[in-house]
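Subject: Structure for you to look at

Hi,

Here is the structure I said I would pass on. Have a look at it first, then read on for what turned up.

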Amino acid sequence: GELVVLEDHNQPLAGLRFNHELAKMFALQLHAQLTVVTDDVAEAPALLAKRRAQLAAIGFRSNSPIAGLDYSPSYQTVSEQLVYNDDHKEPDAIGDIIGLRIAVVAGSAQEGLLKDLQQHYPKLHWEAHSGTRVDELLDQVAAGKLDITFANHLQFSLARNFHPNLKTANFVVMPPSQLSWAFAANGDKKLRDVVAQFMIDITKDGRLNRLIDRFYGVNERLAPFDASAFLDQIDKTLPRYRELFEQ
């Protein structure tokens, strides 16, 4: 009667809330109470192995395996991107960012990407930050505190609404990634089968697409100029009406 799910509260809020709503839908289908355990994504393999949670409702790249984890069918496809501040020259290749200030979230898909790239570029180094989110690193790139970070196209599109000076390199840093939930490799196979059927069902009946649109559709409907105008109005117009909005 209880579904215990691991969530990473250092995820960008859209990704966190998306996965939480997806977990709520799954728990409802099971007629189970949803219980959430939170920790850093890097701790997921150990916590699942210790049975602290039955599954991790976190977007793992299922096409880049992590030891100790098995994956659900994919619920979303994303592309990883190299993000820089347009005050700097656009990198033409990974070799151009060697020696720059680079940071990613520890244990994230982006750190996995850098580890893959380091096999071909041994001098590539970065900082892995625990207890931080991708959107916070994007803020730092926009403010000039970092030179480079990596984010998937959904994370970048959200940040671009607030930071028009963020740009992405034109070259492909890796093939598109399949996002999936994760289980302990030696975990309950029956639960994995039920999750797999759930993913098939919500894809067929449109619930998955509606949830994706709810959290990410705005990026396709909001032009950067509109976003900039909205942010400007927050400073100039909102103060006059804020109290009425709150009431």
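A cut-off to start with: a residue counts as exposed when its relative accessible area is over 50%, as buried when that value is under 20%, and as partly exposed in between. Please keep in mind that this is a predicted model.

With that cut-off, Lys-50 counts as exposed, because its relative accessibility is 63%. You'll find Lys-50 in the loop between α2 (44–49) and β3 (55–61). What caught my eye is its partner in space: the C-alpha atoms of Lys-50 and Ala-184 are separated by 8.8 Å, while along the chain these two residues are 134 residues apart.

The loop that holds Lys-50 also has a backbone oddity. Most residues other than glycine have a negative phi. Arg-51, which is not a glycine, has a positive phi of about 65°, and it is found in that loop between α2 and β3. His-31 is another case: its phi is near 55°, again positive in a residue other than glycine. His-31 belongs to the loop between α1 and β2 (33–38), and at 74% relative accessibility it counts as exposed. Worth a look at both when you have the backbone on screen.

Now for helix α1, where several things come together. Helix α1 spans residues 13–30, and both Lys-24 and Glu-21 lie in it, 3 residues apart, or about one turn of the helix. Their side chains meet in a salt bridge, 3.3 Å from N to O. Is each partner buried or exposed, or something in between? Glu-21 counts as buried, because its relative accessibility is 18% and the limit is 20%. Lys-24, at 39%, counts as partly exposed. The pair has company, too: Glu-21, Lys-24 and Arg-214 are linked in a network of salt bridges.

How does α1 pack against other helices? Two packed helices are described by the angle between their axes and the distance between the axes. For α1 and helix α7 (residues 207–216), the angle is about 150° and the axes are 10 Å apart. Angles over 145 degrees count as roughly antiparallel, so that is how α1 runs relative to α7. Their crossing is right-handed.

The second packing partner to mention is helix α6 (residues 189–204), which meets α1 at an angle of about 110°, with the axes 11 Å apart. Since the range from 65 to 115 degrees counts as roughly perpendicular, α1 and α6 are roughly perpendicular to each other. The crossing of α1 and α6 is right-handed as well.

Back to the charged pairs. How many salt bridges are there? The count comes to 12. Besides the pair in α1, two of them are worth showing:

- Lys-89 and Asp-92 have side chains that meet in a salt bridge, 3.7 Å from N to O. Lys-89 counts as exposed at 67% relative accessibility, and Asp-92 is exposed too, with a relative accessible area of 55%.
- Arg-133 and Glu-136 form a salt bridge whose closest N and O atoms are 3.6 Å apart. Here Arg-133 is partly exposed, with a relative accessible area of 21%, and Glu-136 is also partly exposed, at 29%.

On the nonpolar side, which residues make a surface patch of about 360 Å²? They are Tyr-241, Leu-244 and Phe-245. Phe-245 lies in helix α10 (residues 238–246), and it is exposed, because its relative accessible area of 65% is over the 50% limit.

For a contrast, turn to Leu-113 in helix α3 (residues 109–118). At 2% relative accessibility, Leu-113 counts as buried. Leu-113 and Ser-64 are 8.6 Å apart in space, C-alpha to C-alpha, with their positions 49 residues apart in sequence.

If you only have a few minutes, I'd start with α1: the network of Glu-21, Lys-24 and Arg-214 and the packing of α1 against α7 can be viewed together. Then go to the loop with Lys-50 and Arg-51.

Cheers

Notes. Residues are numbered from 1 along each chain as its sequence is written. This is a predicted model: local features need pLDDT of at least 70, side-chain atom pairs count only at pLDDT 80 or more; totals for chains, interfaces and linings use all residues. Side-chain values use heavy atoms; hydrogens and water are left out. Patches are made of residues with over 30% relative accessible area and no salt bridge: like charges are joined within 9 Å, nonpolar side chains (Val, Leu, Ile, Met, Phe, Trp, Tyr) within 5 Å. Accessible areas come from the Shrake-Rupley method with a 1.4 Å probe; for residues, only the protein chains shown count as cover. A salt bridge is a side-chain nitrogen of Lys or Arg within 4 Å of a carboxyl oxygen of Asp or Glu. Helices (H or I, at least four residues) and strands (E, at least two) are DSSP runs, numbered from the N terminus. Buried means under 20% relative accessible area, exposed over 50%, partly exposed in between (1.4 Å probe, protein chains only). Axes are lines fitted to C-alpha atoms, for helices over the stretch in contact, and angles run from 0 to 180 degrees between N-to-C directions. Angles under 35 degrees count as roughly parallel, over 145 as roughly antiparallel, 65 to 115 as roughly perpendicular and the rest as oblique. A crossing is left-handed if the near helix is turned anticlockwise from the far one by less than a right angle, and right-handed if clockwise.
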